[in-house]
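Please open the structure in a viewer and keep the sequence at hand. This tour proposes a selection at each stop and describes what is found there.

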Amino acid sequence: MKQLSNSELIINNNGSVYHLGLLPEHICDTIITVGDPDRVESVSKHFDTIRFSHHNREFKTVVGNIGSKEFTVISTGIGTDNIDIVFNEIAFLLNYNLDTRLQNEKLRSVDIIRLGTSGSVSKANPLDSILYSKNAVGMEDLFKFYENDFAELHFAGSQYPVIPCSTKLEALFCEFTPSLTLTAKGFYGPQFRNAQLKPKYSLEQICELKYKGEALGNIEMETAGIYGLSALLGFEAISINAILANRLDGSFSANAETTIHRMITRSLEILCK
């Protein structure tokens with residue numbers, strides 16, 4: 001069995017994992033991730049009971065129930081660098097003895113649902129619509145640091161991994177529109193926005209990207225990291241996106257909170273069926 005060192009699996013004085021501050025009993029079979037710590041309450045306010053709450057840095061966690069269904073809700077912050085922390089520490093909590101740092105003989109899987117926001121680059125995904133990421137293109141460098149055999153897409157002389165969602169969870173959320181999602185390394189230049197600095201590539205160039213004949217549908221900052229780490233760790237994952245920006249015409253939702261609320265409530269209804 002694999003054993004990790006003290007500097008690889010860091011344990012706090014109370015026995016919890018380093019960044020999340022959680023113990024194994026805080027990880028339910030269904031995990032909802034959100035970016036913004038304040039959005040954790042937007043999910044957990046629908047719970048019938050709450051048995052645990054903790055906040056450390058950008059990582060806020062609430063554990064509770066709707067009826068007999070248990071949920072862990074965790075805020076990840078923004079970007080795949082934070083996803084790397086959250087998903088590795090979830091794996092520690094699921095699959096390691098935190099006292100000995102030995103990997104368990106039997107590894108555990110969980111269902112992970114990202115409820116996030118995104119910008120559309122397709123007429124098929126209008127403002128205030130809700131979609132799921134069928135495949136995600138990782139236009140950042142997280143998976144240069146992990147052994148993998150992901151499919152690849154080529155752009156501007158570089159190769160980027162393309163990772164699918166869980167087919168199990170896709171069957172649950174298939175009422176939403178499927179999309180090819182680009183996961184970006186940042187919000188401005190990496191998402192081809194003009195700011196004080198001019199981006200190297202244009203939005204028009206990126207909109208020409210296709211994977212298996214499917215054109216790019218939306219851009220955000222976490223999904224490819226979630227899909228890739230889930231695939232490598234044996235988790236099931238899907239990313240649900242509320243479309244708040246239309247990058248094609250430069251508009252932004254006037255009803256953002258209403259759209260986010262609709263995404264959350266419908267997703268919880270689906271999970272509690």
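The tour begins at a turn. Please select R57, which takes a positive phi near 55 degrees in the hairpin of β2 and β3, where two residues lie between the strands. This is a predicted model, in which local features need pLDDT of at least 70 and side-chain atom pairs count only at pLDDT 80 or more, while totals for chains, interfaces and linings use all residues. Residues are numbered from 1 along each chain as its sequence is written, and side-chain values use heavy atoms, with hydrogens and water left out. Helices (H or I, at least four residues) and strands (E, at least two) are DSSP runs, numbered from the N terminus.

Next, extend the selection to strand β2 (residues 49-56) and strand β3 (residues 59-66), which pair in the antiparallel sense over seven bridges. Two strands are said to pair if DSSP finds at least two bridges between them. Within this hairpin, F52 stands opposite V63 in β3.

**Strand β1 and its partners**

Now select strand β1 (residues 30-34). Is this strand enclosed or open? Five of its five residues are buried, so β1 is largely enclosed by the rest of the structure; buried means under 20% relative accessible area, exposed over 50%, and partly exposed in between (1.4 Å probe, protein chains only). Colouring the two faces separately shows T30, I32 and V34 on one side and I31 and T33 on the other, all of them buried.

Add strand β7 (residues 111-120), which runs parallel to β1 and is joined to it by four bridges. Strand β4 (residues 69-75) also pairs with β1 in the parallel sense, over four bridges. T33 is a useful residue to centre on: it stands opposite R114 in β7 and opposite I74 in β4.

**Helices α1 and α6**

Proceed to helix α1 (residues 37-44), whose buried residues are P37, R39, V40, V43 and S44. They cover an arc of only 140 degrees around the axis, which puts them on the same side of α1; the arc is that of the directions from the helix axis to the C-beta atoms. D38 and E41, on the other side of α1, are exposed.

Then select helix α6 (residues 256-271). At 1.5 Å a residue, its 16 residues should span 22 Å, and its end C-alpha atoms are 23 Å apart, which agrees. The expected span is 1.5 Å times one less than the number of residues in the helix. Among the buried residues of α6 are A256, I260, M263, I264 and L271. Viewed down the axis, the buried residues of α6 fall within an arc of 160 degrees, so they line one face of the helix. The face turned away from that buried side carries the exposed residues E257 and T258.

Display both helices together: α1 and α6 pack at an angle of about 50 degrees, with their axes 10 Å apart. Axes are lines fitted to C-alpha atoms, for helices over the stretch in contact, and angles run from 0 to 180 degrees between N-to-C directions. That angle makes α1 oblique to α6; angles under 35 degrees count as roughly parallel, over 145 as roughly antiparallel, 65 to 115 as roughly perpendicular and the rest as oblique.

**Helices α2 and α5**

Select helix α2 (residues 80-95) and helix α5 (residues 223-233), whose axes come within 9 Å and cross at roughly 25 degrees. α2 and α5 are therefore roughly parallel to each other.

**A last stop in a loop**

Finally, select N194, in the loop between β11 (177-184) and α4 (203-206). N194 counts as exposed because its relative accessibility is 65%.
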